[in-house]
2 protein chains.
Amino acid sequence: MNFCSHCGQPVTLRVPEGDQRPRHVCTACGTIHYQNPRIVAGCVPEHEGRILLCRRAIEPRRGYWTIPAGFMENGETTQDAARRESMEEALADVEIGSLLAIVHVLHANQVQVMFRARLPRPEYGAGAESLESVLCTEDEIPWQDLAFRSVDFALRRYLEDRRDGVDRHHFMALDLRPAAH
Amino acid sequence: MNFCSHCGQPVTLRVPEGDQRPRHVCTACGTIHYQNPRIVAGCVPEHEGRILLCRRAIEPRRGYWTIPAGFMENGETTQDAARRESMEEALADVEIGSLLAIVHVLHANQVQVMFRARLPRPEYGAGAESLESVLCTEDEIPWQDLAFRSVDFALRRYLEDRRDGVDRHHFMALDLRPAAH
């Protein structure tokens, strides 16, 4: 951030009065521009025991496998967002179920909220951001080719809980920031 | 948003190619400025059966009662944020427990994540954003003078679950946007 989105003048990085952290503050109008984590919402869609995965058509991690997930928009719930992403990325009309995982991705300033989901009919495809989508049995999941550690975490917890017949939710924090931070 | 925070030139509101929603797009450098919901993290701190509430010293809802809660910062987890807010608003060093509620406040573009918490020692006070803090029994909670509906929701679910001896989590969506939206 270099300029004030309100008045267009340069911003400077300083700790505002009464605050503890450096913020981007406008040198002209004084507006403080806070930066906060963004929410990624996603789900693990299941159809008759098989799980829907998508292969990414975009960076980062193009060509690797993920669950449908993406940035939450204003005006929707996390469940709305997870459902919309399933439609956009996998052309899959899912029913969102219980909360599965909340993953804090500290190096990316993201909070990922993942749900269980049901795909009532085996209808799916590749949205603009996917190369393909597939329904996998547990044994077919491409563990070595998953796009993100948060996806690995969500899938493992999903399968464990399914085996145990419970709907737990799980927290995790991922932190790949330089150690000096 | 009027100007590009990257290059300082005017932005325009339009639907970028491949997108479905209007975004602020820079007329000079083309940067797309996404706007996403922000996370508010908070907790219901309990000490020997009593609940810690704060009376707000700032708008909105100055003078009304709330639980410790505030905007999550980059580089922390939702639990970190809830703990920090308890320290900042109520000078209370709490231990964050299980997930209590996720409230989508659609008219404010907020996702509020509330936890159960334990206040090990009855030590608390008024931080810069609070007029006072108190430990209330269930009967003393000022239901008519709570600051927000999300706080009412969190407290009611907290007390119900405590009565039932369970640690559930609860979702809610609040939507006070104009009906035309």
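User: How many residue pairs are in polar contact between chain A and chain B?

Analyst: There are 15 such pairs between chain A and chain B, both residues at pLDDT 80 or more. A polar contact is a pair of N or O atoms within 3.5 Å; within protein, one must be able to donate a hydrogen and the other to accept it, and residues adjacent in sequence count only if both atoms are side-chain atoms.

User: Which kinds of residue make up the side of chain A that touches chain B?

Analyst: That side divides into 16 nonpolar, 15 polar and eight charged residues. Ala, Val, Leu, Ile, Met, Phe, Trp, Tyr, Cys and Pro count as nonpolar, Asp, Glu, Lys and Arg as charged, and the others, Gly among them, as polar.

User: Where do the numbers come from?

Analyst: This is a predicted model, where local features need pLDDT of at least 70, side-chain atom pairs count only at pLDDT 80 or more, and totals for chains, interfaces and linings use all residues. Residues are numbered from 1 along each chain as its sequence is written, chains are lettered from A and ligands numbered from 1 in the order in which they are written, and side-chain values use heavy atoms, with hydrogens and water left out.

User: What area is buried between chain A and chain B?

Analyst: About 3400 Å², with carbon and sulfur atoms giving 50% of it. Buried area is the accessible area (1.4 Å probe) that two parts lose on being put together, summed over both. A:Ser5, A:Glu73 and A:Asn74 supply 17% of what chain A buries against chain B, more than any other three residues.

User: And how many salt bridges are there between chain A and chain B?

Analyst: Six, a salt bridge being a side-chain nitrogen of Lys or Arg within 4 Å of a carboxyl oxygen of Asp or Glu. A:Arg21 forms one with B:Glu76, the closest N and O atoms being 3.8 Å apart. A search of the whole structure finds 42 over all chains.

User: What about A:Glu76, which residue does it bridge to?

Analyst: A:Glu76 forms a salt bridge with A:Arg84, with the closest N and O atoms 2.7 Å apart. Both residues are buried, where buried means under 20% relative accessible area, exposed over 50%, and partly exposed in between (1.4 Å probe, protein chains only).

User: A:Arg157, buried or exposed?

Analyst: A:Arg157 is buried, at a relative accessible area of 17%. Its salt bridge partner is A:Glu160, with the closest N and O atoms 2.8 Å apart. A:Glu160 is partly exposed, at 31%.
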